[in-house]
Amino acid sequence: MNLKDMKIGTQLRIGFGTIFLLVAFLGVVAWFQADILWQNTRGMYEHPLTVRRALGELKSDVLNIRLEFRNLVLTDKNQVKQSSLQNIEVYAANATRQFEIMRKSYLGPKEDVESAQNYFVKWKTAIDENIGLIKAGKRGDSAISINENGNISIQREQMFAQLNKVSDFALNKGEQFYKDAKQKNQELRVRLSILLGTILLIMVSVGYFLMKGIKEPLKELALLAEQYRSGNLDVRSSYVSVNEFGMLSRSFNALAESVQAEFSGRENSATMANIMLQEDELHPFCHELLKALLQHTGSQVGAIYLINDLKTAYEHFESIGLAADKRTSFSATGCEGEFGAALVTLQIQHIKDIPEDSRFSFSAINGDFKPREIITIPILSDQGVVAIVSLSGIRAYSDAALRLVDDVWPIMTARLNGVLVLQQIRDFSSRLERQNSELDAQKREIMAQKDEMVEQNVELEMQKNQLDEANRLKSAFLSNMSHELRTPLNSVIALAGVLNRRLANSIPEEDYSYLEVIERNGRNLLELINDILDLSRIEAGRDEINLSRFSARSLSGEVVSMIEPQSQQKEIDLLNSVSENLPL
């Protein structure tokens with residue numbers, strides 16, 4: 001069998017089998033020599049090295065306890081205090097374990113370890129006492145103890161001095177072990193050099209034949225990988241074999257195909273994302289989106305449907321390649337046709353079995369063609385499915401096209417929602433501007449009406465002032481005229497009374513009755529004048545109301561007597577028909 005076609009595992013088993021036999025022989029020889037070194041090495045590990053390592057951890061625990069204690073002194077946060085207290089106890093427990101390790105492994109006087117542990121106990125006791133001071137609120141006293149001259153610092157230095165003594169002894173003991181091991185190692189080297197030279201010569205011969213069958217395909221695959229890493233995605237391996245390298249070559253070619261398809265898909269996704277970021281207007285955005293989808297998925301028809309304001313139907317908004325008679329709306333609640341599954345599942349739907357009543361058809365010179373497959377993409381938002389993007393093609397969609405749709409779906413959803421919101425904001429802004437213009441016009445009209453009202457108020461105020469002045473003049477006039485009329489009227493009444501008394505039984509009865517009429521009418525006239533004065537007092541708010549009882553018959557008789565002379569002059573009969581039986 002040719003070495004190239006031999007399985008790599010077989011080649012390696014033959015080569016490593018030979019090497020194993022040689023190494024086994026070498027191992028048997030080295031076993032006895034190594035046991036001698038092991039005894040020396042174990043003594044070094046179990047005694048000086050273990051002690052030095054325990055010392056290192058012990059010092060680290062002491063420093064950590066010191067750091068946590070300082071944090072406890074300086075902090076005011078209860079959470080930090082609790083954490084520091086817990087850490088101090090953990091470090092102290094670990095330090096105690098390290099003393100136990102040193103006590104078992106230390107080859108020097110046991111009193112050295114005991115003395116160091118006693119100093120540690122005293123130092124830890126001082127730490128605990130200061131923790132008690134901190135809990136009691138005496139932080140200042142505790143802070144003094146951690147200074148260089150404080151009791152904690154002094155005890156810590158004493159403990160470190162004793163630990164250094166233990167460390168120096170362990171170091172010297174380790175050097176002694178090292179010298180013994182070095183001498184025995186030199187003896188072993190001489191014995192093994194001859195044996196190793198022989199074994200290496202045989203191993204080189206075996207390795208040469210193994211590398212010859214492995215290096216060439218590895219070199220070719222490494223060169224291809226470097227070219228692929230440099231960006232040449234078209235490189236493929238030409239190595240052909242039935243062994244593992246042949247399988248690796250075929251796997252590399254398959255991986256290269258997959259990565260190239262994935263890279264191409266990502267480039268297409270980035271291109272579409274860049275296209276969607278270039279437009280903010282709804283119609284141009286939808287048109288460019290459909291154009292990019294058709295280009296990168298191999299579709300022939302694409303359409304976008306937007307839900308109406310009443311949330312009852314999805315109406316055609318933009319399309320490419322869709323026949324004019326197919327640009328109809330569809331129900332948002334009936335889940336009809338090829339859009340039903342997308343509305344129910346809220347997922348992208350890839351439809352292969354196209355229904356006969358599909359609304360999509362591809363118009364060509366030779367007639368209309370039904371699509372072979374349809375991709376329905378729901379655009380989701382907080383209000384549900386706000387839009388539907390539908391793609392259809394006369395060929396089956398490739399896996400790359402389907403991956404591209406899945407990749408750009410989140411970006412498409414976010415971007416289309418953003419453009420829809422931006423369009424709503426623009427529409428609202430436009431309506432708001434119109435309303436503001438109308439409000440400004442109404443404001444100007446109201447301001448004009450306000451100015452007119454102010455002018456009218458000024459005129460009314462002037463008219464009020466004029467009326468007040470006229471009323472004042474009227475009241476003054478009535479008051480003056482009443483005084484002017486009462487003076488001669490009183491004289492008339494007085495003279496009528498004098499004549500009435502002097503001419504009693506001296507003149508005819510009919511003439512004498514005239515004197516009574518004159519006196520009575522004069523008194524009535526005086527009452528009218530007094531009533532005029534009462535009107536002035538009423539307007540001034542100073543009048544008093546006097547209640548009195550009278551006979552309606554008597555009042556009507558006075559009226560008849562007062563105007564009877566004028567009626568006789570005009571030959572009019574004046575009769576008093578008021579009954580005397582009326583109540584007062």
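User: Why is Glu 571 called exposed in this predicted model?

Analyst: In this predicted model, Glu 571 has a relative accessibility of 73%. Exposed means over 50%, so Glu 571 counts as exposed. The residue sits in the segment after H11.

User: What makes the backbone of Glu 571 worth a remark?

Analyst: Its phi is positive, at about 55 degrees, although Glu 571 is not a glycine. Most residues other than glycine have a negative phi.

User: How do you know that Glu 580 and Arg 553 form a salt bridge?

Analyst: The closest N and O atoms of Glu 580 and Arg 553 are 3.8 Å apart. The rule asks for a side-chain nitrogen of Lys or Arg within 4 Å of a carboxyl oxygen of Asp or Glu, so the pair counts as a salt bridge. Glu 580 is in the segment after H11 and Arg 553 in helix H11, 27 residues apart, and the pair is described as linking distant parts of the chain.

User: Why do Glu 580 and Arg 553 get their accessibility labels?

Analyst: Glu 580 has 61% relative accessibility and therefore counts as exposed, the cut-off being over 50%. Arg 553 has a relative accessible area of 26%. Buried would need under 20%, so Arg 553 is called partly exposed.

User: How many salt bridges are there by this rule?

Analyst: The count comes to 2 salt bridges. One of them joins Lys 124 to Glu 89, with the closest N and O atoms 3.7 Å apart, and the cut-off is 4 Å. Lys 124 belongs to helix H3 (residues 110-135) and Glu 89 to helix H2 (residues 78-105), with their positions 35 residues apart in the chain.

User: Why is Lys 124 given its label, buried or exposed?

Analyst: Its relative accessibility is 11%. Buried means under 20%, so Lys 124 counts as buried. Its partner Glu 89 has a relative accessible area of 44% and is therefore partly exposed.

User: What makes Leu 55 buried?

Analyst: Leu 55 has a relative accessible area of 3%, and the limit for buried is under 20%, so the label applies. Leu 55 lies in helix H1 (residues 8-74). From C-alpha to C-alpha, Leu 55 and Val 166 are 8.6 Å apart in space, while in sequence they are 111 residues apart.

User: Which residues form the nonpolar patch on the surface?

Analyst: The patch is made of Phe 550, Leu 555, Val 559, Ile 563 and Leu 574, and together these have about 410 Å² of accessible area.

User: Why can Leu 555 be part of a patch while it is called partly exposed?

Analyst: Leu 555 has 43% relative accessibility and so counts as partly exposed. A patch residue needs over 30%, so this value passes that cut-off too. The place of Leu 555 is in helix H11 (residues 552-569).

User: Where else does Leu 555 appear?

Analyst: It helps line the second largest pocket, together with Asn 524, Glu 527, Leu 528, Asp 531, Glu 558, Val 559 and Met 562. Helix H10 (509-539) and H11 are the elements that give two or more residues to this lining. The volume of this pocket is about 270 Å³. Its lining has 4 nonpolar, 1 polar and 3 charged residues.

User: What lines the largest pocket?

Analyst: The lining has 19 residues, and Leu 306, Ile 307, Asp 309, Leu 420 and Gln 424 lie nearest the centre. Strand S1 (301-307), strand S2 (313-320) and helix H9 (399-502) each give two or more residues. The largest share, 7 residues, comes from H9. By class, the lining is 7 nonpolar, 7 polar and 5 charged residues. About 540 Å³ of space lies in this pocket.

Definitions and conventions: Residues numbered from 1 in each chain as written. Predicted model: local features only at pLDDT ≥ 70, side-chain atom pairs only at ≥ 80, totals over all residues. Heavy atoms only, no water. Patch = residues over 30% accessible without salt bridge, like charges linked within 9 Å, V, L, I, M, F, W, Y side chains within 5 Å. Areas by Shrake-Rupley, 256 points an atom, 1.4 Å probe, with all protein chains shown as cover. Helix = DSSP H or I, 4+ residues; strand = E, 2+ residues; numbered from the N terminus. Buried < 20%, exposed > 50% of the residue type's maximum accessible area, 1.4 Å probe, protein only. 1 Å grid on protein atoms, 1.4 Å probe; cavity = no way out; pocket = protein on both sides within 12 Å on 5 of 7 lines; lining within 4 Å. Points joined across faces, edges and corners; volume = space filled by probe spheres on them. Nonpolar A, V, L, I, M, F, W, Y, C, P; charged D, E, K, R; others polar.
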